[in-house]
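Welcome! Please take a look at the structure below, and then work through the exercises that follow.

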Amino acid sequence: MIQKRNFIGLLALLTVLFYAPLTYSQTAPPKTENRPKLFDDTATDSDYLISIEKAGEVLESAHNDTEFDGNSHHLFGDIKRTQSKLDLILSSLKGANPNVRNQQMYRIVLKEIEQELDEQNTAINLRNQTLEKIKDRVIDLRKDKTLMGLIKDTIRRKQFKSELANLKNRYLSTDSLMTKNQGILNKNKRLTVERKIAVSNALITVDSKLEQSGISMLKKEYPVLWSTSDSTSKKIVGQNIKDKIIIEENVAAYYLSYRIGGLIFLVLLMSLLGWYIARNLKYLKNNGHAENLSHFNFKYLNRGIVIPVAVVGLNVAVVSNIYAPAMFIELIQLVLLGFITLLFKNNWKKTSMQNWLFLLALFFVLCFLDLFIAVGFIQRCAFIAINIFAIRYGFVQIKTLKDQLYIKGFFKWATIIFIGLNVLALLNNIFGRVSLANMLSITAFISLTQIVALSVLLKIVLEIILLQIYTTRVKRGIEKIFDFETLSDTLKKPFIILISYMWLVVIASNLNIWESLRAGLTSLLTHPNTIGSITFTLGNIVLFFIIIWVAHLLQNYVAYFFGEVDDENEENINKRQHSKLLITRLVVLIVGYLLAVAASGMPLDKLSILLGALGVGVGLGLQSVVNNFVSGIILIFDKPIQIGDVINISSESGRVKSMGLRTTKINSANGAEIIIPNGNLLSQNITNWTYTDNFKLVEIAAEVSGDIMPEEINTLILESLESMVLVNNSKAPQIYYTAIAEGTFKLQIKFWCSIYRTEETVSIARQVLFSNFKAKGLTLST
């Protein structure tokens with residue numbers, strides 16, 4: 001307030017400057033002996049101009065800084081969007097009687113709005129502080145003695161009238177803008193405070209309803225079933241259904257508007273996935289390999305792209321919207337099951353399909369009763385009937401579904417949960433705990449149908465990966481069908497962990513215990529623990545090992561995206577691609593370990609102590625480990641050998657199968673796998689038969705008997721070799737005679753062939769030469 005008064009005082013001072021009588025100096029009695037102190041000062045016109053210029057710069061800078069920048073306008077936009085969200089949720093709360101799931105959704109959204117309001121209030125306070133600092137800069141102009149002396153001097157003021165007029169205009173413009181912007185900030189601050197009060201009241205209401213819902217689920221809400229009478233007229237029942245439909249539609253519409261950004265991103269992501277699958281399928285079709293997909297036992301990708309991609313997206317939507325209102329999540333669940341049914345059509349046995357459709361019908365009726373039918377005798381009896389049908393279904397009919405699913409192990413647990421929850425729901429309904437019974441019934445059906453959906457999801461994901469591997473191999477010219485069953489078993493292990501987590505989250509969220517479990521787990525993982533001078537949390541440790549595990553998993557599986565499989569044994573192996581793959585694996589491991597260390601939260605000073613201890617360990621007993629590790633990096637970048645090379649080292653020989661950071665695996669000719677430390681590879685002489693190309697010069701010693709001249713022998717040998725596909729005729733064969741006698745010729749035949757098929761080529765060459773010489777009436781022995 002004091003600063004504002006000073007600011008107004010300065011304005012009054014400048015106003016006096018222009019409205020004071022200019023004849024003051026003429027009417028006042030001249031007293032040369034009592035002249036103002038200004039005339040005793042040494043200030044010059046130049047000093048006054050400099051002072052006016054500095055004041056103008058201060059006012060110009062204050063005007064520019066008072067203007068709202070882009071961040072301020074973005075803040076005001078956020079305030080409007082927050083108001084829209086708050087209006088929607090408050091209107092949804094009025095007159096509504098939402099179920100527990102809807103109440104939890106309201107609570108989550110209100111907490112987010114409360115956090116947004118706190119951030120907006122803080123941002124407004126910062127901008128108000130900025131305006132106060134700008135005021136201080138303008139008020140500090142009063143400390144300029146030269147400017148103040150000029151303003152007080154009526155004679156010199158007339159001399160600088162135009163400059164002072166411009167200064168006044170700048171001042172008035174800045175003052176007007178500051179007043180306007182302060183008003184905007186104060187208005188928005190009042191709005192944020194009012195909204196925070198509204199959010200607090202709404203949270204109290206929602207928490208109260210949640211508490212009452214929790215109590216009601218654990219106590220007797222209604223009389224036992226045989227003491228219930230339902231005399232509600234059909235007209236009232238119909239009106240109740242209409243009212244509940246309107247309420248649920250409003251709640252679902254609000255949530256849809258609230259989550260529209262995430263849902264649009266999911267749609268774009270699924271569109272990208274569909275385009276990726278379609279591109280691979282189109283490439284295989286255009287090159288005549290589409291029919292080979294039948295060898296991979298595809299169940300879903302061979303039936304189109306839209307439905308499998310929709311199943312993937314809807315599975316993700318179910319798990320990522322665990323706080324969604326009941327109608328929204330159950331609608332997504334029913335749409336997901338509808339798409340899965342289309343995939344099952346003409347693919348399942350008739351009995352299995354009938355039992356699946358019966359399960360969907362029960363689930364649909366259950367959702368309708370839970371959402372739109374008021375609690376009464378009719379609803380309770382209908383729920384009991386559904387529970388009885390479901391229990392019988394779990395014992396008798398559900399077995400026909402198990403054989404049709406890709407994951408059979410989880411289905412046993414899903415069946416137990418399905419039967420158990422329906423039994424509990426039946427008992428709770430009979431004895432009056434209707435809310436708990438409804439929740440258990442819905443959870444039972446969702447737990448069973450969701451494990452079916454996740455089984456389909458896993459199969460689709462594996463088919464997408466196999467499609468990528470096969471397409472990449474075809475692009476490399478490799479049409480061989482690899483062992484996809486073993487590869488699928490290897491790939492599905494980490495995905496089973498993921499879908500298990502997804503399944504448990506869906507069950508816990510429908511039982512309304514996920515938030516409590518998450519809060520408890522978060523509290524456990526974030527609780528600081530101290531050992532000596534080191535403070536850590538369990539969450540950091542768990543995250544450290546998870547990142548390490550994921551890094552090793554990725555470096556093992558990254559080869560599949562390059563089209564590489566474990567049984568790779570082609571002659572035309574892409575060594576350059578293998579080099580890139582090794583470098584990619586190295587980068588993945590290094591980045592993974594760095595991220596793991598960063599995620600562990602270990603201070604750098606403690607890390608330096610650990611590295612020092614590690615250095616001592618290296619000096620004492622880890623020299624060979626570090627030597628092999630460094631040698632592995634040298635082998636990756638120097639490339640003396642690459643995967644697929646045929647090498648000789650010491651007494652061992654074979655084809656390089658894989659190269660790691662510590663060891664290299666070699667397949668010998670007799671099928672043994674030789675594991676050689678990388679340090680040994682660099683410290684010994686290596687004979688690399690395929691460093692430049694994959695061809696080897698082989699030799700056949702032969703003896704020809706008969707009436708023939710050497711020139712004819714040469715011609716016959718060359719024609720025989722040219723007729724053989726396995727012989728590399730781009731390099732001329734060599735024929736050397738070691739002995740010549742009448743009717744007898746001893747010679748050596750040398751030619752080039754693939755090093756991977758040396759023995760096969762030599763064997764075929766002996767047969768072809770023998771047959772061709774015999775056809776001429778000659779004898780050839782090798």
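## Exercise 1: Charged pairs

In this predicted model, the side chains of Asp 489 and Lys 492 meet in a salt bridge, with 3.8 Å from N to O.

**Task.** Where do Asp 489 and Lys 492 lie, and how many residues apart are they?

**Solution.**
1. Start with the helix: both Asp 489 and Lys 492 belong to H18, which covers residues 484-510.
2. Now count along it: the two are 3 residues apart, about one turn of the helix.
3. Check the distance: a salt bridge needs a Lys or Arg side-chain nitrogen within 4 Å of an Asp or Glu carboxyl oxygen, and this pair is at 3.8 Å.
4. Finally, look at exposure: Asp 489 is partly exposed at 40% relative accessible area, and Lys 492 is partly exposed at 22%.

## Exercise 2: Another pair

**Task.** Is Lys 143 buried or exposed?

**Solution.**
1. Find the partner: the side chain of Lys 143 meets that of Asp 140 in a salt bridge of 3.6 Å, N to O.
2. Read the accessibility: the relative accessible area of Lys 143 is 65%.
3. Compare with the cut-off: exposed means over 50%, so Lys 143 is exposed.
4. Do likewise for the partner: Asp 140, at 40%, counts as partly exposed.

The count of salt bridges comes to 8.

## Exercise 3: A nonpolar patch

**Task.** Which helix gives the largest share of the nonpolar patch?

**Solution.**
1. List the members: Ile 497, Val 542, Ile 546, Trp 549, Val 550 and Leu 554 make a nonpolar surface patch of about 520 Å².
2. Assign them to helices: H20 (residues 538-557) supplies the largest share, 5 residues.
3. Place Ile 497: this residue is in helix H18.

## Exercise 4: A sheet and its helices

**Task.** Which strands stand at the edges of the sheet, each with a single partner strand?

**Solution.**
1. Write down the order: 4 strands form an open, antiparallel sheet, E9-E10-E8-E11.
2. Read off the ends: E9 (734-741) and E11 (779-781) stand at the edges, so one side of each has no neighbour in the sheet.
3. Note the turn: neighbouring strands are turned by 25° against each other on average, direction ignored.
4. Look at one pairing: E8 (residues 695-705) and E10 (residues 744-754) share 11 bridges in the antiparallel sense, and Lys 696 has Cys 753 in E10 as its bridge partner.
5. Add the helices: H25 (residues 710-722) packs on the sheet and touches E8, E9 and E10, while H26 (residues 758-775) packs on the sheet and touches E8, E10 and E11.

Key: Residues numbered from 1 in each chain as written. Predicted model: local features only at pLDDT ≥ 70, side-chain atom pairs only at ≥ 80, totals over all residues. Heavy atoms only, no water. Buried < 20%, exposed > 50% of the residue type's maximum accessible area, 1.4 Å probe, protein only. Patch = residues over 30% accessible without salt bridge, like charges linked within 9 Å, V, L, I, M, F, W, Y side chains within 5 Å. Areas by Shrake-Rupley, 256 points an atom, 1.4 Å probe, with all protein chains shown as cover. Pairing = 2+ DSSP bridges. Axes fitted to C-alpha atoms, helices over the stretch in contact; angles between N-to-C directions. Contact = heavy atoms within 4.5 Å.
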